[in-house]
Amino acid sequence: MPLAAEPDDTHEEGEDQQLLLAKKGEPTLEGLVVGSYCHDVLIRGGRVVGETLGGAAAFVSNVLDAASPREAEQGEAPFVVVSKVGRDFAYASAPAPARRPPLLCASPTTSFHAQFSDAAASAHAPDRELRRVHACDPIYPADLPDRRFAYGLAVGVAGEVLPETLERMIRLCRAVLVDAQALIRAFDGDGAVGHVALEDTPYARLLPRVAFLKASSEEAPYVGVETARRRCCVIVTDGRDGCRLYWDGGEARVAPFPAVQVDPTGAGDSFLAGFAAGLLWGLSATDAALLGNFFGAAAVSQAVKEILEEKIAKRSSPCINGTTFTFDRSSVHDELHAALQEAARLIPEQQQADPTNGNCGDICSV
Ligand SMILES: Nc1ncnc2c1ncn2[C@@H]1O[C@H](COP(=O)(O)OP(=O)(O)OP(=O)(O)O)[C@@H](O)[C@H]1O
Ligand SMILES: O[C@H]1[C@H](O)[C@@H](O)[C@H](O)[C@@H](O)[C@H]1O
């Protein structure tokens with residue numbers, strides 16, 4: 001596996017034997033996640049259908065907290081998030097930013113409008129058009145804590161992870177995993193998100209010191225898989241088709257888990273975090289990709305959320321801390337129960353109906 005640090009960099013000799021695996025009795029490995037939280041506005045048919053917390057760092061935090069090893073007594077997985085938002089940030093109390101608060105800036109929070117097409121998305125076509133409407137400050141090398149980390153995740157969404165910041169991550173972390181979207185996104189005058197060839201960016205020279213580079217199938221042509229795989233392991237995610245790993249001398253396909261897609265946002269982020277968590281548990285890269293596929297599928301499903309939105313009218317005031325709870329069946333009980341039962345039934349049914357999922361979550365070397 002390629003190493004993040006060069007031999008004369010910050011790490012001791014022999015430290016690279018098991019990059020992401022804590023030995024018994026040693027403290028849990030600490031991670032560094034770099035990329036900003038943002039505001040996502042979801043638009044369908046010209047109408048705003050949702051506003052949510054976004055930013056790969058938010059999805060990654062949630063998955064790492066759920067899936068990475070932690071010390072017995074500790075409630076949270078050990079990693080820090082370096083993220084920047086403006087004073088307009090609307091989700092400071094959402095779980096991920098509340099646990100790992102962002103740095104506050106004078107510029108507004110990065111914000112995206114995601115325009116979804118009504119046509120059913122094909123496996124390879126982009127299922128949404130993204131426009132960046134605000135950009136927060138970049139993350140500078142000096143914003144990173146001045147200590148060593150076992151692993152780093154560079155997960156920018158709007159060009160905020162500068163080349164010099166990635167270089168600093170590489171110096172601080174034993175292994176760095178990078179989302180290509182942090183490196184190759186370009187924005188036209190209107191904020192529309194496009195891509196540039198990775199080879200033409202200042203990030204290209206850093207690839208030999210990156211462990212894993214993850215790209216979506218849409219980003220893969222800009223990454224140049226054949227060149228990049230000679231420098232680091234490249235993982236190309238392909239939505240409902242799972243993912244492929246390419247390294248110098250081999251490749252493998254890891255089949256997906258079945259999912260009923262509700263919203264594709266965050267699938268790639270959740271995949272990368274699941275993959276990193278797999279490596280932390282000591283899994284092989286292909287088995288870690290299996291865990292990545294699992295979290296990617298879970299991210300797109302959101303079946304339960306959709307049911308709640310559809311079946312239950314939102315209360316005007318939430319009743320959680322100290323306010324009234326009732327223990328009666330609500331008026332929507334029967335409908336809600338039936339909908340949840342149906343969702344639970346859908347998973348194995350879809351697995352049978354879709355022969356391409358027959359080997360769901362399995363690995364084939366190619
Ligand atoms: N419809 C789906 N069914 C099953 N698994 C899926 C589906 N969509 C995504 N996944 C899982 O999530 C992973 C990442 O998805 P995808 O390739 O769409 O990422 P992405 O385009 O980077 O997503 P985004 O930019 O929306 O976060 C896939 O490799 C797959 O494992
Ligand atoms: O919240 C989302 C998400 O983090 C995606 O990974 C990214 O592609 C989008 O730009 C962002 O708005």
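**Close-up views of a predicted model**

**Figure 1. Polar contacts of ligand 1.** An oxygen atom of ligand 1 is placed 2.9 Å from a polar backbone atom of Gly-242. The model shown here and in the following views is predicted. The backbone of Gly-266 also takes part, with an N or O atom 3.2 Å from an oxygen atom of ligand 1. Asn-293 contributes through its side chain, a polar atom of which is 2.6 Å from a ligand 1 oxygen atom. On its own, ligand 1 exposes 630 Å², and the protein buries 89% of this area.

**Figure 2. The residues around ligand 1.** A shell of 21 residues surrounds ligand 1, and the closest are Arg-128, Thr-237, Gly-239, Pro-264 and Asn-293. Two or more residues of this shell are given by each of S13, helix H7 (267-280) and H8. H8 supplies the largest share, 4 residues. Sorted by class, the shell consists of 10 polar, 6 nonpolar and 5 charged residues.

**Figure 3. Helix H8.** Helix H8 covers residues 285-301, 17 residues in total. At 1.5 Å a residue, a span of 24 Å is expected for this helix, which agrees with the 24 Å between its end C-alpha atoms. Many positions may be inspected for burial in this view. The buried residues of H8 include Thr-286, Ala-288, Ala-289, Gly-292 and Asn-293 in one part of the list. Phe-295, Gly-296, Ala-297, Ala-299, Val-300 and Ser-301 of H8 are buried as well. As a general rule, an α-helix has 3.6 residues a turn, so residues three or four places apart point the same way. Among the buried residues, Asn-293 also belongs to the closest neighbours of ligand 1.

**Figure 4. The surroundings of ligand 2.** Ligand 2 is surrounded by 14 residues, the closest being Asp-40, Gly-55, Gln-181, Arg-185 and Asp-269. The side chain of Asp-40 has an N or O atom 2.5 Å from an oxygen atom of ligand 2. For Asp-269, a polar side-chain atom is found 2.9 Å from an oxygen atom of the ligand. The side chain of Arg-128 has an N or O atom 3.4 Å from a ligand 2 oxygen atom. Taken on its own, ligand 2 has 300 Å² of accessible area, and the protein covers 97% of it. Strand S2 (38-44), H1 and strand S8 (128-134) are the elements that give two or more residues to the shell. By class, this shell holds 6 nonpolar, 4 polar and 4 charged residues. Arg-128 is also listed among the closest residues to ligand 1.

**Figure 5. A salt bridge between Asp-65 and Arg-100.** The structure holds 12 salt bridges, and this view presents one of them, in which the side chains of Asp-65 and Arg-100 meet at 2.8 Å, N to O. Asp-65 belongs to helix H1 (residues 56-67), whereas Arg-100 lies in the loop between helix H2 (95-99) and strand S6 (103-105). The two residues are 35 apart in sequence, and the pair links distant parts of the chain. Both Asp-65 and Arg-100 are buried.

**Figure 6. A salt bridge between two strands.** Lys-214 and Asp-179 form a salt bridge, with the closest N and O atoms 3.3 Å apart. Lys-214 is in strand S13 (residues 212-216) and Asp-179 in strand S10 (residues 173-179), so the salt bridge ties together parts 35 residues apart in sequence. Lys-214 has a relative accessibility of 4% and therefore counts as buried. Asp-179 likewise counts as buried, because its relative accessibility is 1%.

**Figure 7. A salt-bridge network.** The side chains of Glu-251 and Arg-244 meet in a salt bridge of 3.5 Å, N to O. Through salt bridges that share partners, Glu-226, Arg-229, Arg-244 and Glu-251 are joined into one network. Glu-251 is partly exposed, with a relative accessible area of 23%. Arg-244, at 30% relative accessibility, also counts as partly exposed.

**Figure 8. The loop at Gly-249.** Gly-249 is located in the loop between strand S15 (243-247) and strand S16 (250-254). Its relative accessible area is 75%, so Gly-249 is exposed. The C-alpha atom of Gly-249 is separated by 29 Å from that of Arg-168, and these residues are 81 apart along the chain.

How values were computed
Residues numbered from 1 in each chain as written. Chains lettered and ligands numbered in written order. Predicted model: local features only at pLDDT ≥ 70, side-chain atom pairs only at ≥ 80, totals over all residues. Heavy atoms only, no water. Salt bridge = Lys/Arg side-chain N within 4 Å of Asp/Glu carboxyl O. Buried < 20%, exposed > 50% of the residue type's maximum accessible area, 1.4 Å probe, protein only. Near = heavy atom within 4 Å. Polar contact = N/O pair within 3.5 Å; in protein donor to acceptor, adjacent residues only side chain to side chain. Areas by Shrake-Rupley, 256 points an atom, 1.4 Å probe, with all protein chains shown as cover. Nonpolar A, V, L, I, M, F, W, Y, C, P; charged D, E, K, R; others polar. Expected span 1.5 Å × (residues − 1).
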